[in-house]
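Student: I've got a protein in front of me and no idea where to start. Can you walk me through it, one question at a time?

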Amino acid sequence: MRRLEASGIIRGYHAELDRRSVGLELTVFVGIKVERHHEEQANAFREAVVKLPEVVTAHLVSGESDFLLQVVVPSLAAYEAFLTGTLLRLPGVSDIRSNFAIQPVKEYGTLPLDNSDKA
């Protein structure tokens, strides 16, 4: 274990909390399109997203959106406030698409290490 930790394969440990038990009832997957006119603006967007506690994951993606965020908030009203008060004010945002999770099917899967040598 210590060798895996030292090599960076094990990056850390965490406790898996039941979101509803701590009052976080709503998960939203948010696709964000940003204006790519200035690299400074794109970097400012990334730096701002990293600091938002409501954003539990953020990915640079290809397709219709430039970024895909997983946002966790207590309620629809809380998401509306986060959307209008925070997300829409981030640097370079040109479009936001929100998808609301109805029910998790698979949340925290294990990595498919048996398939890692087949790529």
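## Walking through the fold

Student: Serine 65 caught my eye, is it buried or exposed?
Tutor: Keep in mind that this model is predicted. Serine 65 sits in the loop between β2 (55-60) and β3, and it touches Gly31 and Ile32, leaving out residues up to four places away in sequence. The cut-off for buried is under 20% relative accessible area. Serine 65 has 17%, so it counts as buried.

Student: OK, zooming out: what pattern does the protein chain follow along the sequence?
Tutor: Start with the pieces: there are three helices and four strands in the protein chain. Now read them in sequence order, writing α for a helix and β for a strand. You get α-β-α-β-β-α-β.

Student: How many of the residues of β3 are buried?
Tutor: Look at what pairs with β3. Seven bridges join β1 to β3, and five bridges join β2 to β3, with the strands antiparallel in the β1 and β3 pair and in the β2 and β3 pair. β3 is largely enclosed by the rest of the structure, because the buried count is six of the seven.

Student: Which residue in β3 is the bridge partner of alanine 58?
Tutor: Let's collect some partners in β3. Threonine 27 has valine 72 as its bridge partner there, and threonine 57 stands opposite glutamine 70. For alanine 58, the partner in β3 is leucine 69.

Student: In the hairpin of β2 and β3, which residue takes a positive phi?
Tutor: Check the stretch linking the two strands, which has six residues. One residue there has a phi near 115°. That residue is glycine 63.

Student: Which strand gives the most to the largest nonpolar core?
Tutor: In soluble globular proteins, nonpolar side chains tend to be buried together. Here the largest nonpolar core has 20 residues, and Val30, Ile32, Leu69, Val71, Tyr79 and Leu87 touch the most other members. At least two residues each come from β1 (26-34), α2 (39-50), β3 (67-73), α3 (76-85) and β4 (93-100). The top contributor, with five residues, is β1.

Student: And what does leucine 87 touch?
Tutor: Leucine 87 is among the core residues that touch the most other members. Skip anything up to four places away in sequence, and its contacts are Val30, Ile32, Leu52, Leu69, Tyr79, Phe82, Val93 and Ile96.

Student: How far apart in space are glutamate 54 and valine 71, C-alpha to C-alpha?
Tutor: Glutamate 54 belongs to the loop between α2 and β2, and it is partly exposed because its relative accessible area is 26%. Beyond its neighbours within four places in sequence, it is in contact with Gln70, Val71, Val72, Val73 and Phe82. Valine 71 is 17 residues away in sequence, yet in space the gap is 5.3 Å.

Student: What about leucine 76, buried or exposed?
Tutor: Leucine 76 is in helix α3. Setting aside neighbours within four places in sequence, it is in contact with Leu26 and Phe100. The C-alpha atoms of leucine 76 and phenylalanine 100 are 9.4 Å apart. With a relative accessible area of 56%, though, leucine 76 is exposed.

Student: How does asparagine 99 count, given its relative accessibility?
Tutor: Asparagine 99 lies in strand β4 and touches Thr27, Val28 and Phe29, not counting residues up to four places away in sequence. Its C-alpha is 8.2 Å from that of glycine 31, which is 68 residues away in sequence. Partly exposed covers the range between under 20% and over 50%. At 49%, asparagine 99 therefore counts as partly exposed.

Student: For the whole chain, what percentage of residues count as buried?
Tutor: The accessible surface of the protein chain is about 9,300 Å², with 53% of that belonging to carbon and sulfur atoms. The C-alpha atoms fill a box of roughly 45 × 40 × 25 Å along the principal axes. Of the 119 residues, the buried share is 24%.

Student: Last one: how far apart do the centres of the positive and negative side chains lie?
Tutor: Count each set before comparing their centres. The protein chain has 13 positive side chains and 16 negative ones. The distance between the two centres is 4 Å.

Technical notes. Residues numbered from 1 in each chain as written. Predicted model: local features only at pLDDT ≥ 70, side-chain atom pairs only at ≥ 80, totals over all residues. Heavy atoms only, no water. Core = buried A, V, L, I, M, F, W, Y, C linked by side-chain atoms within 4.5 Å. Buried < 20%, exposed > 50% of the residue type's maximum accessible area, 1.4 Å probe, protein only. Contact = heavy atoms within 4.5 Å. Areas by Shrake-Rupley, 256 points an atom, 1.4 Å probe, with all protein chains shown as cover. Lys, Arg positive; Asp, Glu negative; His and termini not counted. Charge placed at Lys NZ, Arg CZ, Asp CG, Glu CD. Pairing = 2+ DSSP bridges.
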